[in-house]
Amino acid sequence: MHPALHSWREELPAHFVRALAYVGGCAVLSIAAVQFFQSPPVKTAIAPVDRSEWIEIERPFPAFALAIPEAGGQPSGYAIRRHAEGNGRKDILTLGDPNAATPFLQVEIYRPGSEPVAFAGPAAEVASGAAAMGPLSMTPDTEPLASKFGPLSLVSFETAYGAPRRCLGFVRAYDDPNLRLSGWFCQGGEFVARSTLACALDRLTLLAAGSEPKVGALFAQAELNRSFCGQREPLLAATPKYRVLWQALATRPEPRRIGR
């Protein structure tokens, strides 16, 4: 075999290895350069999920009823909210349009669970509950309202959102059972009369106390104190048509009962 050809065959593997090493070195240098000069990854902060303290029950089973015959045909609502941790319960009954100048009534029965509860005073409690209405000119009443549930603290205010309305808020906290009754009655024009609010709350009744016999006893005693909107003797006359209560017409459809 020719010496030149023999030399080429012997040196071919060496040339191939050196070329392969060169290409590999360039690849390593390129990767290192990319890692060195590339911008650091942008870390996007994950916003924490704002979990509400209260959970809306999808299919509420009413425990209370509010029968207002004069408000037949008015929109009504019944909502139950549970505290996410303490399991407290709020039953919220509404009657009327919350954004119109026509009368609007909201009643809330709050039965706390194990969650911490602090009573901030009548004005603060009513302002907090009616925050969606933008309460203005909060004026506590020095004289409580006599009702079938006992004396209620009153707070008058005006609304900043929706149609201009004047409202009369009420609140009372009980120690035994642990229960808080609150809400408000609003209408366009003049402030709601105290007797009108007392008559509206006269219609609030209990449907089921469940495993809370003290709540049942509270409402049973309230029924004994019921004035029937000024007529205490139910055998002589049923609850009268209190036309001022809802500015009703002489004839109305069947009575509207929230919770049935």
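The following paragraphs trace a run of paired strands in this predicted model, beginning at S3 and ending at S9.

Strand S3 covers residues 76-83 and is joined to S4 by seven bridges, with the two strands running antiparallel. One of the pairings links Arg82 to its bridge partner in S4, Arg89. Five residues lie between the strands of this hairpin, and Asn87 there has a positive phi near 70 degrees.

Strand S4 is mostly covered, with seven of its seven residues buried. In a regular strand, side chains alternate between the two faces of the sheet. In S4, Arg89, Asp91, Leu93 and Leu95 point one way, while Lys90, Ile92 and Thr94 point the other way. The buried set therefore takes in charged residues such as Arg89, Lys90 and Asp91, given that buried means under 20% relative accessible area.

From S4 (residues 89-95) the path continues to S5, and these two strands pair in the antiparallel sense over seven bridges. Leu95 stands opposite Leu105 of S5, and Asp91 has Ile109 of S5 as its bridge partner.

Strand S5, residues 104-111, is also mostly covered: eight of its eight residues are buried. Phe104, Gln106, Glu108 and Tyr110 point one way from S5. Leu105, Val107, Ile109 and Arg111 point the other way.

S5 also pairs with strand S9 (residues 179-187), to which seven bridges join it in an antiparallel arrangement. Ile109 has Leu181 as its bridge partner in S9. Ile109 thus appears in two pairings, with Asp91 of S4 and with Leu181 of S9.

Methods:
Residues numbered from 1 in each chain as written. Predicted model: local features only at pLDDT ≥ 70, side-chain atom pairs only at ≥ 80, totals over all residues. Heavy atoms only, no water. Buried < 20%, exposed > 50% of the residue type's maximum accessible area, 1.4 Å probe, protein only. Helix = DSSP H or I, 4+ residues; strand = E, 2+ residues; numbered from the N terminus. Pairing = 2+ DSSP bridges.
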